Amino acid sequence: MGEDVDRQHFTGADRVRFRSQVSRGTQAIARMLADGLFTDHGRPPEPLLGMEVELNLIDAAANPSMGNAEVLAAIADPDYQTELAQFNLEINVSPRPFVGGDTVSLEQGLRSSLNRAQAAAESTGNHLVMVGMLPTLQSEHFAHHWISANPRYDLLNEQIFAARGEDIELDITGIPLSPGGDIERLHTTTDSILPEAACTSLQLHLRTAPEDFAAHWNAAQAIAGVQVAIAGNSPFLGGKALWHETRIPVFEQATDTRPLELKNQGVRPRVWFGERWINTIFDLFEENIRYFPALLPVSTDVDPLTVLEEGGIPHLDELRLHNGTVYRWNRPVYDVVDGQAHLRVENRVLPAGPTVVDIMANAAFYYGVVRGLVEQELPVWSKMSFDAARENLTAGAHWGMEGQLYWPDVGWIRPDELTLRILLPLAERGLTAYGVSDKAKSRYLGIIHGRCVTKQTGSVWQRRSVAAREAAGQDRRRALHGMLTDYVALMHEGEPVHNWPVR
């Protein structure tokens with residue numbers, strides 16, 4: 001969720017100063033781009049795979065457990081951190097070379113780390129779950145007192161509601177669990193942003209040369225709809241069968257600072273796909289300051305332009321803090337490591353889980369397709385409207401494998417067919433260009449292939465399992481708890497989700 005913030009009250013002067021500091025930070029970015037001051041300028045950086053995986057906590061009865069502080073104390077590993085709700089935590093996987101055999105070793109390291117964390121969680125009576133949306137979450141779990149203890153989260157909640165001026169409304173219409181079944185709808189209000197915490201994700205980081213950033217961001221935007229369609233894992237919330245990737249509409253609605261009147265005026269939402277292809281990372285930071293008021297206007301006394309004039313590299317604390325409160329599905333990241341600045345694309349559309357190997361397959365597919373698209377002679381975004389990419393995200397999240405997506409030179413096509421015919425060969429070429437081993441390519445892209453052939457994602461498996469339990473006479477509550485218990489057992493067994501049986 002970003003850097004800690006220790007301020008609790010802000011004045012109008014704080015906001016004016018913060019806006020000025022973000023503006024000067026944006027000017028500093030422009031100057032650094034013009035002067036070639038990024039460490040990767042003029043050459044592609046070594047390919048690194050970095051990721052963040054958000055996790056849920058449940059108790060022995062498969063109910064959400066509000067015990068992240070106790071679990072983190074038991075894990076005692078700085079790679080694990082708090083998240084917004086007490087039923088969440090997050091693991092940060094340090095960047096590693098995405099070449100040779102290191103990709104498979106990363107999978108093994110992640111699995112070992114999660115196994116150790118699970119053992120520690122069990123010692124407190126809790127269990128870790130990698131899932132895009134915890135199926136047993138109910139509206140009572142979104143009460144304000146379940147926000148994690150970090151003051152930043154409560155302050156963010158306060159500022160979003162201050163900007164909005166009214167409770168948050170969730171209104172999502174789902175798709176039937178089986179042909180001819182009822183269409184279900186979740187319609188509720190909440191006085192906290194905790195529904196955002198229901199949206200547990202896999203976040204992938206890709207470091208780029210500054211001159212190549214726009215191409216990588218555009219490519220990531222172009223495939224967002226395919227990503228969620230073939231990796232959906234969030235079909236239930238509040239006991240309702242909703243979208244295949246319900247994280248998308250829940251996150252958009254739960255972090256919306258706009259009352260109805262501002263929506264009607266066309267004010268941009270803070271959870272934002274964007275509205276255009278870009279030419280440089282500067283386009284995105286400029287949009288941030290043009291369209292979005294500060295939520296956490298905490299300023300330093302450091303002038304970034306003065307730092308540049310004195311030969312230093314500015315940290316741009318205000319710009320980074322502001323950027324962290326604009327929730328793009330593909331977010332630009334400016335970072336400074338050992339005194340050197342670099343740029344990353346943070347891909348945020350994917351759900352967590354279901355297994356470690358599924359996560360690795362989703363990552364390999366993303367990195368491979370993006371690299372393949374960037375290296376094409378005629379970019380896909382030159383043949384595809386931005387609106388089509390945005391509509392693909394909605395369609396992929398809503399319908400999953402059964403959606404219809406638009407792709408240039410093809411027209412309307414299902415995600416599984418698009419992946420099998422066009423994107424998997426492209427991903428293989430992209431991973432080869434990165435130097436990924438044949439073993440890793442076969443392992444991970446084979447899982448994506450299997451998922452598309454069987455048309456079984458985590459979401460499809462969850463929906464089938466609940467439907468089978470209800471057909472056997474269980475009510476929705478028992479079916480969800482029983483399904484989640486089976487899910488956790490299969491998650492630990494580690495077989496990719498397309499091989500999971502419906503029990």
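**Exercise 1. Determine whether His 498 is buried or exposed, and describe its surroundings.**

Solution. His 498 has a relative accessible area of 16%, and buried means under 20% relative accessible area, exposed over 50% and partly exposed in between, with a 1.4 Å probe and protein chains only, so His 498 is buried. The model is a predicted one, in which local features need pLDDT of at least 70 and side-chain atom pairs count only at pLDDT 80 or more, while totals for chains, interfaces and linings use all residues. Residues are numbered from 1 along each chain as its sequence is written, and side-chain values use heavy atoms, with hydrogens and water left out.

Next, locate the residue: His 498 lies in the segment after helix 17 (476-493), where helices (H or I, at least four residues) are DSSP runs numbered from the N terminus. Finally, list its partners: not counting residues up to four places away in sequence, His 498 touches Ile 447, Gly 450, Arg 451, Thr 454 and Gln 456, contact meaning heavy atoms within 4.5 Å.

**Exercise 2. Work out how helix 14 is oriented relative to helix 15, and which residues make the contact.**

Solution. The axes of helix 14 (residues 415-434) and helix 15 (residues 438-454) come within 10 Å and cross at roughly 175°; such axes are lines fitted to C-alpha atoms, for helices over the stretch in contact, and angles run from 0 to 180 degrees between N-to-C directions. Angles over 145 degrees count as roughly antiparallel, and helix 14 is therefore roughly antiparallel to helix 15. On the side of helix 14, the contact is made by residues including Leu 420, Leu 424 and Leu 431, and on the side of helix 15 by residues including Leu 445, Ile 448 and His 449.

**Exercise 3. Identify which residues of the largest nonpolar core touch the most other members.**

Solution. A nonpolar core is a set of buried Ala, Val, Leu, Ile, Met, Phe, Trp, Tyr and Cys residues joined through side-chain atoms within 4.5 Å. Of the 158 residues in the largest such core, Met 51 and Tyr 334 touch the most other members, and the largest share of this core, 13 residues, is supplied by helix 12 (residues 356-374). Leaving aside neighbours within four places in sequence, the contacts of Met 51 include Ile 359, Met 360 and Ala 363.

**Exercise 4. Explain why helix 7 is described as largely enclosed by the rest of the structure.**

Solution. Helix 7 (residues 247-254) has eight residues, of which six are buried, so the helix is largely enclosed. The buried residues are Arg 247, Ile 248, Pro 249, Val 250, Phe 251 and Ala 254.

Notes: Helix = DSSP H or I, 4+ residues; strand = E, 2+ residues; numbered from the N terminus. Parallel < 35°, antiparallel > 145°, perpendicular 65-115°, else oblique.
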